Amino acid sequence: MSNVSPSPGTPMAASPLTRAVLEIDEYASTLGWDKPARLFALVDTARLRRQEPALARQLGQDQDDTGKNQLTPVEQDQVPAGTPLDKFLGTIAWPPAIVGCALTVERLMLPPSAEAQVPEGLSDKQLAKWVAAHPDRQEVRLTVGVLRDGSRESAVRLREKDSSSEVLTGASLVPGLAEALAATFLD
């Protein structure tokens, strides 16, 4: 279990969820590319300080930076290699102390202009192979966070523009993954 340190470039005006997602994106960027998916629990930082002061100290969250780190991302055990992400997420149930979760994963994406070129009737494996061979493919890192209250945020980093200033954010950039993460909070 490790904490994601706040990034000095994270916008202060952003929502706590946006800041958490950008902190996770920045953390993932320090690890480099071609990494497995990473799952994070999001905990209320003030509650963490009150209820688990030793853990807050261990995670570097023992200083009261009011307004800065309202959510603390805590990395979970590694996503099992070879397990489809949807199946893995279907096995997760969070305890009440966890206010949200986030996932960072690398994928290949095509621009909208390439959608008309996709051959029909391909299996998932064939489609993945076709996308990987497409000349307009983009390698991206997706970081998606959701809260129990339904809030969502996403950050998308293109490998060819691997810079914090080039990260795209928005609540609906990766709706399928956000839905899958939100389902981990359903009873």
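Colleague: Which residue in β5 stands opposite C101?

Modeller: In this model, which is a predicted one, C101 stands opposite V146 in β5.

Colleague: And how many bridges join β4 to β5, and which way do they run?

Modeller: Ten bridges join β4 to β5, and the two strands run antiparallel.

Colleague: What about β2, how many bridges join that strand to β4?

Modeller: Strand β2, which covers residues 38-44, is joined to β4 by six bridges, and these two strands run antiparallel as well. One of the pairings puts V43 together with I98, which is its bridge partner in β4.

Colleague: Switching to charges now, how many salt bridges does a search of the whole structure find?

Modeller: The search of the whole structure gives eight salt bridges. One of them brings E106 together with R141, with 3.9 Å between the closest N and O atoms. This pair links distant parts of the chain, since E106 belongs to strand β4 and R141 to strand β5 (residues 138-147), with the two positions 35 residues apart in the numbering.

Colleague: Are E106 and R141 buried or exposed?

Modeller: Both E106 and R141 are buried.

Colleague: Which residue meets R157 in a salt bridge, and what is the N to O distance?

Modeller: The side chain of R157 meets that of E26 in a salt bridge, at 3.5 Å from N to O. Here too the pair links distant parts of the chain, as R157 is in strand β6 (residues 152-158) and E26 in helix α1, and they are 131 residues apart.

Colleague: Why does R157 count as buried, and why is E26 partly exposed?

Modeller: R157 counts as buried because its relative accessibility is 2%, and the cut-off for buried is under 20%. E26 is described as partly exposed because its relative accessible area is 23%.

Colleague: Which residues are linked with E26 and R157 in a network of salt bridges?

Modeller: The network of salt bridges links D25, E26, R157 and D162.

Colleague: Staying with β6 for a moment, which residue meets R152 in a salt bridge?

Modeller: R152 meets E179 there, and the N to O distance between their side chains is 2.8 Å. Because E179 lies in helix α6 (residues 175-183) and R152 in strand β6, the pair ties together parts that are 27 residues apart in sequence. E179 counts as partly exposed, with 47% relative accessibility, and R152 is partly exposed with a relative accessible area of 26%.

Colleague: Back to helix α1, where is T18, and what does its side chain contact?

Modeller: T18 is found in helix α1, which covers residues 16-31, and its side chain makes a polar contact of 2.7 Å with the side chain of E153. T18 is buried, its relative accessible area being 11%.

Colleague: Now empty space: how many cavities of 30 Å³ or more does the structure hold, and what is the volume of the largest?

Modeller: There are two cavities of 30 Å³ or more, and the largest has a volume of about 60 Å³. Its lining is made by A28, L31, G32, K35, P36, R38, T104, V105, E106 and R141. The elements that give two or more residues to that lining are α1 and β4 (98-109), and β4 gives the most, with three residues. E106 and R141, which appear in this lining, are the residues whose salt bridge came up above.

Colleague: How does that lining divide by class?

Modeller: By class, the lining of the largest cavity holds four nonpolar, two polar and four charged residues.

Colleague: And the largest pocket, how much space lies in it, and which residues lie nearest its centre?

Modeller: The largest pocket holds about 450 Å³ of space. It is lined by 13 residues, and those nearest its centre are R107, L108, L127, A128 and V131. Two or more lining residues come from each of β4 and α5 (124-133), with α5 providing the largest share, four residues. By class, the lining divides into ten nonpolar, no polar and three charged residues.

Colleague: Last topic, where is P80?

Modeller: P80 is placed in the loop between β3 (71-75) and α4 (85-89), and it counts as partly exposed at 37% relative accessibility. The C-alpha atoms of P80 and A37 are separated by 9.0 Å, while the two residues are 43 residues apart along the chain.

Conventions:
Residues numbered from 1 in each chain as written. Predicted model: local features only at pLDDT ≥ 70, side-chain atom pairs only at ≥ 80, totals over all residues. Heavy atoms only, no water. Buried < 20%, exposed > 50% of the residue type's maximum accessible area, 1.4 Å probe, protein only. Polar contact = N/O pair within 3.5 Å; in protein donor to acceptor, adjacent residues only side chain to side chain. 1 Å grid on protein atoms, 1.4 Å probe; cavity = no way out; pocket = protein on both sides within 12 Å on 5 of 7 lines; lining within 4 Å. Points joined across faces, edges and corners; volume = space filled by probe spheres on them. Nonpolar A, V, L, I, M, F, W, Y, C, P; charged D, E, K, R; others polar. Salt bridge = Lys/Arg side-chain N within 4 Å of Asp/Glu carboxyl O. Pairing = 2+ DSSP bridges.
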